[in-house]
Each structure stands twice: as C-alpha cells, then as structure tokens.
Amino acid sequence: MATRFRLVMAMQRTIQRIHSLVDTPRLKSFSLNAPKSVDVEYANGIKFSLSAEFLRVYSPAADGKIRSIGSEKVISGRRHVGIMSAEPVGNYGVRYLL
C-alpha cells in the first residue's frame, strides 16, 4: 500500500512539473454577442467565435438530453438556442444561460 501511495505522489509531482513548463495562453478578451455567439481572444492572437449551438452541443452539462447515434452525440432542441447571459464562475469558468 505504501508503494502505491509513493507511486501516486510521484505521478502527481511529475504532472505538476509538466503543467508548470507549459505556457498557457492568457485570455485577452471575452465578449457576449447575445443571443448567437461568444467571441474569445487570447494574448497570443488566437481568436474564436463560438456559436450558441456549438456551446449547447459540446457543453458537459447537457441536461440529459443526449442520445447517441454511433459515436456522435445528438441533442434535441439545439438549433434555436440562444445565449441569454454569461457569468464568471471561480477563477476561469463561465456559466452560460442558454
């Protein structure tokens, strides 16, 4: 049991070292274009425009409206979805009201 604990601790230290070496891009701007999209820009110049439909489909909180066809997710009611609001959660998260 002690050997397993030491192995887990060593793995955690290794993961922390890797994360400290990776230069993660910093968020430069975040704008809500209600009700259709969200624009995100990072300090390294990369920009994304994420549609409300995309956010609804790839949200980890899909409210159990997911069914699977093959390996793809199918979520009902995603076409006429709009973003009503966005609020910060914690240090880096965003909660959308779709």
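Leu-27, Phe-30 and Val-94 together make a nonpolar surface patch of about 250 Å². The model in which this patch appears is predicted, and the patch is a convenient point from which to read the rest of the chain.

Take Phe-30 first. Phe-30 lies in strand S1, which covers residues 27-33. Is its side chain buried or exposed? Neither word fits: the relative accessibility of Phe-30 is 33%, so the residue counts as partly exposed. The limits behind that label are under 20% for buried and over 50% for exposed. Membership of a patch requires over 30% relative accessible area, and Phe-30, at 33%, is one of the residues that make the patch.

From Phe-30 the path leads across to the neighbouring strand. The bridge partner of Phe-30 is Val-40 in S2. Strand S2 spans residues 37-42, and six bridges join S2 to S1, with the two strands running antiparallel. In a regular strand, side chains alternate between the two faces of the sheet.

S1 and S2 belong to a wider arrangement. Three strands form an open sheet, ordered S1-S2-S3, and the pairing in this sheet is antiparallel. S1 and strand S3 (47-51) are the edge strands, each pairing on one side only. On average, neighbouring strands of this sheet are turned by 15° against each other, with direction ignored.

The other strand pairing to follow involves S6 and S7. Strand S6 takes in residues 85-89 and strand S7 residues 93-97; the two pair in the antiparallel sense over five bridges. Within this pairing, Glu-87 stands opposite Arg-95 in S7. S6 and S7 form a hairpin with three residues between the strands, and in this hairpin Gly-90 takes a positive phi near 65°. Val-94, a member of the nonpolar patch with Leu-27 and Phe-30, falls within the residue range 93-97 of S7.

These pieces can now be set in the whole chain. The protein chain has two helices and seven strands. Along the sequence, the elements follow the pattern α-β-β-β-α-β-β-β-β.

Some totals describe the chain overall. The protein chain has 98 residues, of which 15% count as buried. Its accessible surface comes to about 8,300 Å², and carbon and sulfur atoms account for 57% of that area. How much of the contact pattern joins residues at least 24 apart? Among contacts between residues at least 6 apart in sequence, the share is 24%.

Terms used. Residues numbered from 1 in each chain as written. Predicted model: local features only at pLDDT ≥ 70, side-chain atom pairs only at ≥ 80, totals over all residues. Heavy atoms only, no water. Helix = DSSP H or I, 4+ residues; strand = E, 2+ residues; numbered from the N terminus. Buried < 20%, exposed > 50% of the residue type's maximum accessible area, 1.4 Å probe, protein only. Contact = heavy atoms within 4.5 Å. Areas by Shrake-Rupley, 256 points an atom, 1.4 Å probe, with all protein chains shown as cover. Patch = residues over 30% accessible without salt bridge, like charges linked within 9 Å, V, L, I, M, F, W, Y side chains within 5 Å. Salt bridge = Lys/Arg side-chain N within 4 Å of Asp/Glu carboxyl O. Pairing = 2+ DSSP bridges. Axes fitted to C-alpha atoms, helices over the stretch in contact; angles between N-to-C directions.
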